[in-house]
Amino acid sequence: MAVGGSLPPMARWIGAVFLLALTVRVVYILEIDDSPLFFHPAVDSLTYTQHAERLAAGNWLGRGSGPFWQPPLYPYLLGVLKTLFPESFFYVVRLVQALLGSLTCSLIYWLGRQVARPEVAAAAAVATTLCGPLIFFDGELLPASLATFLDLAGLALLWRALQRPSGTGFLGAGLVFGLAGLTVPTVLAFVPVAAAWIGWQLRERGGRRAATWVGLFLLGSALMIAPVSLRNAAIGGDRVLISYNAGINFYVGNNPDYDSTVNARPGLEWGRIVGQARKAGIDRPSHQSHFFLARSWDYIVSQPLDYIFLLARKFFLFWQGDEIGRNQDIYFWRNYSTVLAATLWKWGMAFPFGIIAPLALLGLLLSGRRQEFVLFAAFVGVYCLSVVAFFPTARYRAPLLPLLVFFATLGACWIWAGLRARQYGQAGLALAVVVVFAAAVNHRLAPMDMAGNAAIHYNLGTAFGEVREFEQAQRELERAVELDSTYWQAWLNLGSVLGVRGNLLEAARIFERVLQESPDQAKIWLNLAHARRALGERPAALAAYEGALRANPLERGAYLELIDYHLEVGDEKGAEEILERAVTQLPGDAKRLRHVFGLARDRYRKERSAEGHTDGADR
């Protein structure tokens, strides 16, 4: 009877939390659609969108694309939504993520009610609904929203299975953690810890039964991951467990030049890092991943003290109040949204994480001896360390935020309860701990630059360029290189925009300037060749084409354009020489190259013949 009577209030609270969270997130989505990046995502969001478009086009198995570069669950979700809602895709994706974020807030209330008083659960749930970073990531085309929901759902199922042990319960929890691993694999570090906890907690029910439940939990996780591994082997042609970006991501966060690699910008800088494996003659994706893991291991072994200091630094950055962006400044989005402006800011301290972190650390300390909190505290610890093992950013710590908000609420409630009970000594000590933690996590915060940094203006310029608003694209890219004169990818894009707008001479100068920094990039040489060719500067254009082929002797496009350029002026002998060079370098494409050469030669012959007849008729 007591259980039945408690259900309606809980259901009402869950519904109220869900509706509040959904309302806040829908308002946020409607506010940010003024940004050009809403419909033209950048960097990883663009990569996920492009993957989704390929899937929606019918290539659901990813034939011809090798093993997965990124964990596949999120792009497959996007692919389904792209197929079902092609016209309203960018709104629908964000609405689905708003629903997932709202369910996450409801789950926090449900979990809170299992281990704490109703008022603690309610306060934690409401705080989660208004947590600025979670609102932000629910509006981004990134896997953080899906990962946060799946991680919390897996914990909820695991908690329930531990209270009411059953094979289906543990299997279901394992299945959800497996799905979470296909979204953001760092969560898989918690799976063996959870398995050990299951065995320990249920040991009194018999070793064989406990072992069976542990096995079913692990089986559930494996059942979700196995199809992806099989797909990578059978269709991708390589043995990759989930995705092969693990090696490069580990290297980015574990090398002697951490600041350079972790801040590498998309385009030329990122390509230079990723290209190290290919320069070493390694083409197989799994071997590329192993190459970067080996480089990190060499650093760890050869410079252990430096590595320990780096880990300590990354651990501090994880708990720092700042929201560390990945290729864009999160705070800039406050310009588009009053919701985000109210729930994410920095003025002397970072809100909300600068408050959440110290209170959560207190909550974790005070709950350490209470068994009902051990599972959730273990998840926080393991997940934190798995992120620190790579590199911390706001996006990667977002899945922990709901639990950290819950522990922060516990910490705040313990202080309040101590004050109400007039236990001023204990409350004062707890408050002092929070103040010390707050001073540490809010120390030396980066300024909140609402005008936008170079990366923001680069992303905006690229987005404007995609919709052919070249005047605005030029303005944003000029601002990017003004803020950072070494932003070579921004210079490159600016040169392309100037070329499209007809300022070919300035475009060529920019390409030449970028080539001084990146002479090994065939794409830049080709851009220079296009500009010089359009200006009618044949020797300079030919030299640029040769530069492209020196940078990459396998650049098929350079050969084809050179062939066309020679044929355009009637130099068939020169075109034939280029054709033979191309066939030597690309023997597998010989038939196609000869066919294209023949078509182009015949076309130009007919054009010259027609021009001759026209000249004769005029005379």
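Buried means under 20% relative accessible area and exposed over 50%, with partly exposed in between. The exercises below use these cut-offs, and they concern a predicted model.

**Exercise 1. Backbone exceptions**

Task: Determine where Arg-422 and Arg-468 lie, and decide for each whether the residue is buried or exposed.

Solution. Begin with the background: most residues other than glycine have a negative phi, and most peptide bonds are trans. Against this, Arg-422 has a phi near 60 degrees, which is positive although the residue is not glycine. Arg-422 sits in the loop that runs between helix H21 (401-420) and helix H22 (424-441). Its relative accessible area is 65%, and because exposed means over 50%, Arg-422 is exposed.

The next step repeats the reasoning for Arg-468, another non-glycine residue with a positive phi, here about 65 degrees. Arg-468 belongs to the loop between helix H23 (454-466) and H24, and with 61% relative accessibility it counts as exposed.

Task: Identify the residues joined by a cis peptide bond, and place the proline of that pair between its flanking elements.

Solution. The cis bond joins Phe-351 to Pro-352, with omega about 10 degrees. Pro-352 lies in the loop between strand S2 (350-351) and helix H18 (353-366).

**Exercise 2. Salt bridges between separate parts of the chain**

Task: State how many salt bridges the model has, and work out which parts of the chain are linked by the pair Asp-44 and Arg-395.

Solution. The criterion is a side-chain nitrogen of Lys or Arg within 4 Å of a carboxyl oxygen of Asp or Glu, and by this rule there are 25 salt bridges. In one of them the side chains of Asp-44 and Arg-395 meet, with an N to O distance of 2.8 Å. Asp-44 is in helix H3 (residues 43-56) and Arg-395 in helix H20 (residues 394-397), so that the pair, 351 residues apart, links distant parts of the chain. Arg-395 has 9% relative accessibility and therefore counts as buried.

Task: For the pairs Arg-532 with Glu-512 and Asp-589 with Arg-556, decide which partner is buried and which is partly exposed.

Solution. Take Arg-532 and Glu-512 to start: their salt bridge has its closest N and O atoms 2.8 Å apart. Arg-532 lies in helix H27 (residues 522-534) and Glu-512 in helix H26 (residues 504-517), so the bridge ties together parts that are 20 residues apart in sequence. The relative accessible area of Arg-532 is 9%, which makes this residue buried, whereas Glu-512, at 34%, is partly exposed.

Then take Asp-589 and Arg-556, whose side chains meet in a salt bridge at 2.5 Å, N to O. Asp-589 is in the loop between helix H30 (572-585) and helix H31 (590-618), and Arg-556 is in helix H29 (residues 556-568), 33 residues apart. Here Asp-589 is the buried partner, with a relative accessible area of 18%, while Arg-556, at 31%, is partly exposed.

Beyond these pairs, a network of salt bridges links Arg-533, Asp-564, Glu-568 and Arg-603.

**Exercise 3. Helix packing**

Task: Describe how H25 is oriented against H26, and how the residues of their contact divide by class.

Solution. The axes of helix H25 (residues 488-500) and H26 are 8 Å apart and form an angle of about 160 degrees. Because angles over 145 degrees count as roughly antiparallel, the two helices are assigned to that class. H25 passes H26 in a left-handed crossing. The residues that meet include Trp-488, Trp-491 and Leu-492 in H25, and Ile-510, Phe-511 and Val-514 in H26. By class, this contact has 10 nonpolar, three polar and three charged residues.

Task: Carry out the analysis for H27 and H28.

Solution. H27 and helix H28 (residues 538-551) pack with axes 8 Å apart, at an angle of about 170 degrees, and H27 is therefore roughly antiparallel to H28. Among the residues in contact are Trp-525, Leu-526, Arg-532 and Arg-533 in H27, and Ala-544, Tyr-545 and Ala-548 in H28. The contact divides into 11 nonpolar, two polar and three charged residues.

**Exercise 4. An aspartate in a loop**

Task: Decide whether Asp-484 is buried or exposed, and name its contacts outside the local sequence.

Solution. Asp-484 lies in the loop between helix H24 (470-483) and H25. Its relative accessible area is 19%, so Asp-484 is buried. With neighbours within four places in sequence set aside, Asp-484 is in contact with Arg-265 and Ala-454.

How values were computed: Residues are numbered from 1 along each chain as its sequence is written. This is a predicted model: local features need pLDDT of at least 70, side-chain atom pairs count only at pLDDT 80 or more; totals for chains, interfaces and linings use all residues. Side-chain values use heavy atoms; hydrogens and water are left out. Helices (H or I, at least four residues) and strands (E, at least two) are DSSP runs, numbered from the N terminus. Buried means under 20% relative accessible area, exposed over 50%, partly exposed in between (1.4 Å probe, protein chains only). Axes are lines fitted to C-alpha atoms, for helices over the stretch in contact, and angles run from 0 to 180 degrees between N-to-C directions. Angles under 35 degrees count as roughly parallel, over 145 as roughly antiparallel, 65 to 115 as roughly perpendicular and the rest as oblique. A crossing is left-handed if the near helix is turned anticlockwise from the far one by less than a right angle, and right-handed if clockwise. Contact means heavy atoms within 4.5 Å. Ala, Val, Leu, Ile, Met, Phe, Trp, Tyr, Cys and Pro count as nonpolar, Asp, Glu, Lys and Arg as charged, and the others, Gly among them, as polar.
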